[in-house]
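Here is a short tour for someone meeting this structure for the first time. Have a look at it below, and then we'll go through it piece by piece.

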There are 2 protein chains.
Amino acid sequence: MAAFIFDLDGTLVDSVYQHVLAWHTALRAVGFNLSVWKIHRRIGMSGGLLVRALARELGREMAPEIAEQLRRRHAEEYAKLLPQVEPLPGARELLRDLTSMKVKWAIATSGAIETAQPALNMLGIPDGIPIVTRDHVERAKPDPDLFLAAGKQLHVDAGQAMVVGDSVWDMLAARRANYLGIGVLSGGYGQQELESSGAYRVYADPEEMRNHLDEMGVRDD
Amino acid sequence: MAAFIFDLDGTLVDSVYQHVLAWHTALRAVGFNLSVWKIHRRIGMSGGLLVRALARELGREMAPEIAEQLRRRHAEEYAKLLPQVEPLPGARELLRDLTSMKVKWAIATSGAIETAQPALNMLGIPDGIPIVTRDHVERAKPDPDLFLAAGKQLHVDAGQAMVVGDSVWDMLAARRANYLGIGVLSGGYGQQELESSGAYRVYADPEEMRNHLDEMGVRDD
């Protein structure tokens, strides 16, 4: 029986570009000038890793209090852009179909519950669906902890779950959790980037995935 | 003797993501809800083609007066985000080095002069450099007209110029103009997307290109 673990930003909700520019503004506010595409390519990994990777990119140290200030500022800037954020095409319908077909699914995001909550609210998630956020695990993606915690709550064994995500960090964490990775282009990564990081299928967005559930062994019976 | 024709947004100036969100906001204002990544993948083509392609994606017609409203709204929204826009790392230095080595170069952008001017101002472009914008040609990228017009002003023959750009539309228009395409990742496309559309070299950004000018036959003598 198929089971799915979904990433949130860029996979179910069209929020990646807003997160990218929110990080860009926050980083500039603390004196870190980074090209926007480099932030985009790091989105989806844990905030702590992202900040460390970006600081290393600039060849600078980031004091823990600056890192904390940065996370707060990112949350504030993202909140300003939230009115532009919507579910991705087909996301609500895909989740609804899985639920009605009694296929198990969960959500696992590198974001903290504070920034994830508005996106979760948009999706109309039924009671009882496991939601794993940064707050629940010690290490977020590309460590496998988020996906393993979600799999545990779904009571699925290694190899039984499929991870759906838009970033190479999702694919990498999926592999490390011994789950199959399914990529979506809706976060703005290219198809080959996702394939080379282990996606065994890539769809444009949740809508296209919904129209190809048979390719993942989901049976409507 | 090598000659270069540079795209502007995403190639010399870090403005792609701001353009993407400006289009997103403008499109929503006229009732067109499109996923952000789909706008990103169309950035760099002519505004007219972009609007037509996005309308087709939604299976809707766009009246000419709405298209005009959309272009105006995009320019307004982009202007609001302009304080976030900066030259890409190495851009000013690369152009300065080419000038001092007496290598010919030009800029060719699908944008109108109105939106391109602030970006051009940031780069400190010397007098006499050809600047070709949407206003000078009938058809912008992926038609080759912009690059051909720039090549003409540089007095270079087909095959003599290299086009530097961040999008597949640059690479496609370069091929059609019979110029070599050089890709940069700084607009957020993946390396393989650029290679499959004809880039014969791909660099991270102007800084990396500047450190590899010998790979393009530029000689410092």
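## How the two copies are related

Turn chain B by 180 degrees, with 0.0 Å of shift along the axis, and it superposes on chain A with an RMSD of 0.0 Å. That's the relation of a two-fold axis. Keep in mind that this is a predicted model.

Which residue of chain B has its C-alpha nearest the axis? In chain B that's B:Gly190, whose C-alpha sits 2.7 Å from the axis. Both copies use the same surface, too: 100% of the contact residues of chain B turn up again in chain A.

## Where the chains meet

The contact draws 24 residues from chain B and 24 residues from chain A. On the side of chain B that touches chain A, at least two residues each come from helix 1 (16-29), helix 2 (36-40) and helix 9 (191-196) of chain B. Helix 1 of chain B gives the most to that side, with five residues.

What kinds of residues are these? The side of chain B that touches chain A splits into nine nonpolar, eleven polar and four charged residues.

## Two domains in chain A

Now for a look inside one chain. Chain A is divided into domain 1, which covers 3-15 + 86-216, and domain 2, which covers 16-83. The C-alpha centres of domain 1 and domain 2 of chain A are 23 Å apart.

Where these domains of chain A touch, domain 1 puts in 19 residues and domain 2 puts in twelve residues. On the domain 1 side of this contact, helix 6 (113-123) and helix 8 (168-176) of chain A each supply at least two residues. The largest share of that side, three residues, comes from helix 6 of chain A. Sorted by class, the side of domain 1 of chain A that touches domain 2 of chain A has four nonpolar, seven polar and eight charged residues.

## Helix 7 of chain B and its surroundings

Back to chain B, and to helix 7, which spans residues 145-154. Which of its residues are buried? They are B:Asp145, B:Leu146, B:Phe147, B:Leu148, B:Ala150 and B:Gly151.

What covers the buried residues of helix 7 of chain B? The cover includes strand 1 (3-6), strand 2 (104-108), strand 3 (131-132) and strand 4 (161-165) of chain B. Helix 8 (168-176) of chain B is also among the covering elements. Just after helix 7 of chain B comes B:His155, which takes a positive phi of about 60 degrees.

How values were computed
Residues numbered from 1 in each chain as written. Chains lettered and ligands numbered in written order. Predicted model: local features only at pLDDT ≥ 70, side-chain atom pairs only at ≥ 80, totals over all residues. Contact = placed C-beta atoms within 7 Å. Helix = DSSP H or I, 4+ residues; strand = E, 2+ residues; numbered from the N terminus. Nonpolar A, V, L, I, M, F, W, Y, C, P; charged D, E, K, R; others polar. Domains from an automatic or database assignment. Least-squares fit on C-alpha atoms with pLDDT ≥ 70 in both. Buried ≥ 20, exposed ≤ 12 C-beta atoms within 10 Å, placed from the backbone.
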